[in-house]
Amino acid sequence: MKIAMVGSGYVGLVSGACFADFGHDVVCIDKDQAKIDRLHEGVMPIYEPGLDALVESNVKAGRLAFTTSLAEGIKGADAIFIAVGTPSRRGDGHADLTFVHAVAKEVGEKLANDAVVVTKSTVPVGTGDEVERIIGETGTPHKVSVVSNPEFLREGAAIGDFKRPDRIVIGAEDEFGKQVMSEVYRPLFLNESPILFTSRRTSELIKYAANAFLATKITFINEMADLCEKVGANVQDVSRGIGMDGRIGPKFLHAGPGYGGSCFPKDTLALLKTSEDYDSPTRIIEAVVKTNESRKRAMGRKVVDALGGAEAARGRKVALLGLTFKPNTDDMRDSPSIAIAQTLHDAGVEVAAYDPEGMELARPLMPEVTMCKDPYEAITGADATVIVTEWDAFRALDLKRMKELAKAPVLVDLRNIYNPEDVRAAGFAYTSVGRV
């Protein structure tokens, strides 16, 4: 089959490369000429493990191509995926569908054959109806079925998630859409990946509901971590104890500085706005959003407390290890590190930082932070070292060297990746999350 992927960002590029690896002929389309030029040169616009090799192999095989021309890219395509950004709209928090609507209009105007148009972007309930209306108003004579097919990719593990998915959700309103989408995903038949066919609106809501539920699990365990610190319990044992319950499960029960990234913050907010529009309050999600935002600055205050309080912290230096919202990505969107660094800066603390992949994107977001070439440069002369992101590179830091370089042996572990006994045996004052 021929597949057109409109949008060559995180979702579009990963999906396009994986579809090509399945054997489909794929064209990724983007209006950003510089991005397309870099892709032709083999330079990825995002960091995702294994993506560069996957793209290179499928380009060489002739199954993956890139263009800025939508008309050229969708010509002869059986399925046209819309994978453009849907950021939170400034002012009211609704998902901004400007790019989705613009693509729908252009697809309708340039369509040269019957095709299924698929919304891969995360969109509010009812967006497919609007896409269908927009394409219809262009007067295209060709048969078009508008389908919802949300993505469930984890940054840092996206290729594996795409090739071995927990489920594939397809919201289709007619047999044409179902048949084409069944053929698109036929290569996953051997993996026995379950395909759930639903109505289009149901499919759109599944994506938001899934992300909101996972965000709720994260926020729940973070609040339990705070309670553990008050009562003298261990949040990691609490997580294990409840995660062994098959009804709950262990995933997303790791205490930390709060969730961030490209999905959870904007999707929980968009779901809140949708529930308001339909006069159906989602009070739990409302609490999750508010609690998560508060937690990020609270982690900054936790570091200030580790320095001895507000008065003692002024003029001191802190090393932040990890800036991206999670490891194995360069994504800085809504990362807790931004709020933590700002809280420290507001307290008069000098901040130095290191991240294996995220510093280029982090620089404009935190101009007050000094970016360093490696973790030990950041630690040099620091009064406290803070682990913000659990990169593998930080799991076996040389504690002896750290103690020699730092001004004070203080380690604040916001990801609980170290054994407290080992760190304290090395002569450090150690603070973690939810562990006494």
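This tour of a predicted model visits a helix, a buried glutamate and a pair of strands.

Begin by selecting helix α8, residues 175-184, and colour Phe176, Gly177, Val180, Met181 and Val184, which are buried. Turn the view until you look down the axis of α8: its buried residues fall within an arc of 120 degrees, and therefore they line one face of the helix. To see what covers these buried residues, add to the selection the strands β1 (2-6), β4 (79-82), β5 (115-119), β6 (144-148) and β7 (168-171) together with helix α1 (10-21), which are included in that cover. Before leaving, zoom in on the start of α8, where a side-chain oxygen of Asp174 comes to within 3.3 Å of the backbone nitrogen of Phe176.

Next, select Glu204, which belongs to helix α9, residues 200-231. Although Glu204 is buried, it has no salt bridge, and Arg200, the nearest side chain of opposite charge, is 5.1 Å away. What does the side chain of Glu204 reach instead? Show the backbone of Gly128, whose nitrogen is 2.7 Å from that side chain. If neighbours within four places in sequence are set aside, the contacts of Glu204 are Val123, Pro124, Val125, Gly126, Thr127, Gly128 and Ser148.

Finally, move to strand β13, residues 410-413, which is covered on both faces, with Val410 and Val412 buried on one side and Leu411 and Asp413 buried on the other. Add strand β12, residues 384-387, which runs parallel to β13 and is joined to it by three bridges; within this pair, Val386 stands opposite Val412 of β13.

Note on methods
Residues are numbered from 1 along each chain as its sequence is written. This is a predicted model: local features need pLDDT of at least 70, side-chain atom pairs count only at pLDDT 80 or more; totals for chains, interfaces and linings use all residues. Side-chain values use heavy atoms; hydrogens and water are left out. Buried means under 20% relative accessible area, exposed over 50%, partly exposed in between (1.4 Å probe, protein chains only). Helices (H or I, at least four residues) and strands (E, at least two) are DSSP runs, numbered from the N terminus. The arc is that of the directions from the helix axis to the C-beta atoms. Contact means heavy atoms within 4.5 Å. A polar contact is a pair of N or O atoms within 3.5 Å; within protein, one must be able to donate a hydrogen and the other to accept it, and residues adjacent in sequence count only if both atoms are side-chain atoms. Lys and Arg count as positive and Asp and Glu as negative; His and the chain ends are not counted. A salt bridge is a side-chain nitrogen of Lys or Arg within 4 Å of a carboxyl oxygen of Asp or Glu. Two strands pair if DSSP finds at least two bridges between them.
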